[in-house]
Amino acid sequence: MRSILITGANRGIGLELVRKIVTEKNPQHVFAGCRNINKAEVLQQFAASNSTVRVLELDVTKDATVDAAVLQVSDIVGNEGLDVLINNAGIYNTEPLENTSRNMMQSYFNVNATGPLFITQKFLPLLRQGSISRSASSLGGHNSVLNLTSGYGSIEGNTSGGIYAYRASKAALNMITKSLSIDLRPDNIMAVALDPGWVQTDMGGSFASSTTEECVKRLLQVIESLCEKENGKIVSYKGNILPF
Ligand SMILES: NC(=O)c1ccc[n+]([C@@H]2O[C@H](COP(=O)([O-])OP(=O)(O)OC[C@H]3O[C@@H](n4cnc5c(N)ncnc54)[C@H](OP(=O)(O)O)[C@@H]3O)[C@@H](O)[C@H]2O)c1
């Protein structure tokens, strides 16, 4: 990876992705998006001692912040473009049918599905440039859009019902990922939905089965081994393909 952008990078899985990629993968640029820079103390401290990290204000529901982020990234990467976009930011609840509202459904789609779609659309010129410059420099491999999904977004895996807003928005994200994988194939850019499993974060809670360190270690192994057969698929942190 030469350059990578991660949304929702101020805590949880996103923050750990930034840490591990910087300390173990030796990238040139890591762009860490967060919606409130002033509240991202841990990320800011990490960035202060790691010059490859740029903290960007990026609310996935606000086009103005996405447009500004595109310009900032473009200024830094120039003709090399962007190699990897990780749409990690997400929101979650377990509300049952009675408590599910129209507004809730719209806001969940806005963050978990529409957000990643339009971020990808706006960063596409930089992702395409990244793919062109990678093949010109004979680096090999694919550039990619990686969308953090969830087992709750699997239609086939839904045996317990409920959780309408989260499930439906992640299922929509899976469909968006599939279409991106087809549309971006001519550009040699992969699109994959990644399921991180159940992880100890504010979202996953303290009883979750893996820590952010364990999760991200496995996610990075999966990311590095992604190939054409996984394009457009849901791939778990264990590396297996999950059903839609
Ligand atoms: N933890 C799990 O067990 C688990 C399981 C399956 C899938 N996932 C998925 O993995 C991803 C990361 O989850 P996590 O556990 O790390 O969650 P988390 O600890 O709750 O962190 C969520 C991140 O998303 C950001 N975010 C929320 N709304 C945003 C917006 N409008 N614009 C920009 N950033 C926004 C949050 O920023 P603020 O701090 O500003 O709120 C935060 O940085 C999510 O997509 C989630 O659905 C997690």
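# A guided look at the predicted chain

Visitor: What radius of gyration does the chain have, and with what value for a compact globule does it agree?
Guide: This is a predicted model, and a comparison of its overall spread with a simple rule is a good place to begin. For 244 residues, a compact globule would be expected to have a radius of gyration near 18 Å. The chain agrees with that expectation, because its own radius of gyration is 17 Å.

Visitor: What box do the C-alpha atoms of the chain fill?
Guide: The box is taken along the principal axes of the chain. Described in that way, the C-alpha atoms fill a box of roughly 55 × 40 × 35 Å.

Visitor: In what order do the elements of the chain run from the N terminus on?
Guide: The chain has six helices and eight strands to be placed in order. Read from the N terminus on, the elements begin with a strand and end with two strands in succession. Written out in full, the order is β-α-β-α-β-α-β-α-β-α-β-α-β-β.

Visitor: Among contacts between residues at least 6 apart in sequence, what share joins residues at least 24 apart?
Guide: The count leaves out pairs that are less than 6 apart in sequence. Of the contacts that remain in the chain, those joining residues at least 24 apart make up 68%.

Visitor: How many disulfides does a search of the whole structure find, and why does Cys-34 not form one?
Guide: A disulfide needs two cysteine sulfur atoms within 2.5 Å. The cysteine sulfur closest to that of Cys-34 belongs to Cys-215 and is 20 Å away, which is too far for a bond. Cys-215 is likewise in no disulfide, as its nearest cysteine sulfur is that of Cys-34. Over the whole structure, the number of disulfides found is zero.

Visitor: Is Cys-215 buried or exposed?
Guide: A residue counts as buried when its relative accessible area is under 20%. Cys-34 meets that cut-off with a relative accessible area of 1%. Because the relative accessible area of Cys-215 is also 1%, Cys-215 is buried.

Visitor: Where does Ile-163 lie, and is this residue buried or exposed?
Guide: Ile-163 has a positive phi of about 50 degrees, although it is not a glycine. Its place is in the loop between β5 (143-148) and α5 (164-183). With a relative accessible area of 9%, Ile-163 is buried.

Visitor: Where does Asn-26 lie, and is this residue buried or exposed?
Guide: Asn-26 is another residue other than glycine with a positive phi, here near 50 degrees. It lies in the loop between α1 (12-25) and β2 (29-34). The relative accessible area of Asn-26 is 69%, and therefore Asn-26 is exposed.

Visitor: With which residues is Gln-129 in contact, leaving aside its neighbours within four places in sequence?
Guide: Gln-129 has its place in helix α4 and is partly exposed, with a relative accessible area of 29%. Its C-alpha atom is 9.9 Å from that of Val-77, although the two residues are 52 apart in sequence. Once the neighbours within four places are left aside, the residues in contact with Gln-129 are Gly-78, Asn-79, Glu-80 and Gly-81.

Visitor: What distance separates the C-alpha atoms of Phe-118 and Leu-15?
Guide: Phe-118 lies in helix α4 (residues 102-136) and is partly exposed, with a relative accessible area of 34%. Along the chain, Phe-118 and Leu-15 are 103 residues apart. In space, their C-alpha atoms are separated by 22 Å.

Definitions and conventions
Residues are numbered from 1 along each chain as its sequence is written. This is a predicted model: local features need pLDDT of at least 70, side-chain atom pairs count only at pLDDT 80 or more; totals for chains, interfaces and linings use all residues. Side-chain values use heavy atoms; hydrogens and water are left out. Buried means under 20% relative accessible area, exposed over 50%, partly exposed in between (1.4 Å probe, protein chains only). Helices (H or I, at least four residues) and strands (E, at least two) are DSSP runs, numbered from the N terminus. The radius of gyration is taken over C-alpha atoms; the globule rule is 2.2 Å times the number of residues to the power 0.38. Contact means heavy atoms within 4.5 Å.
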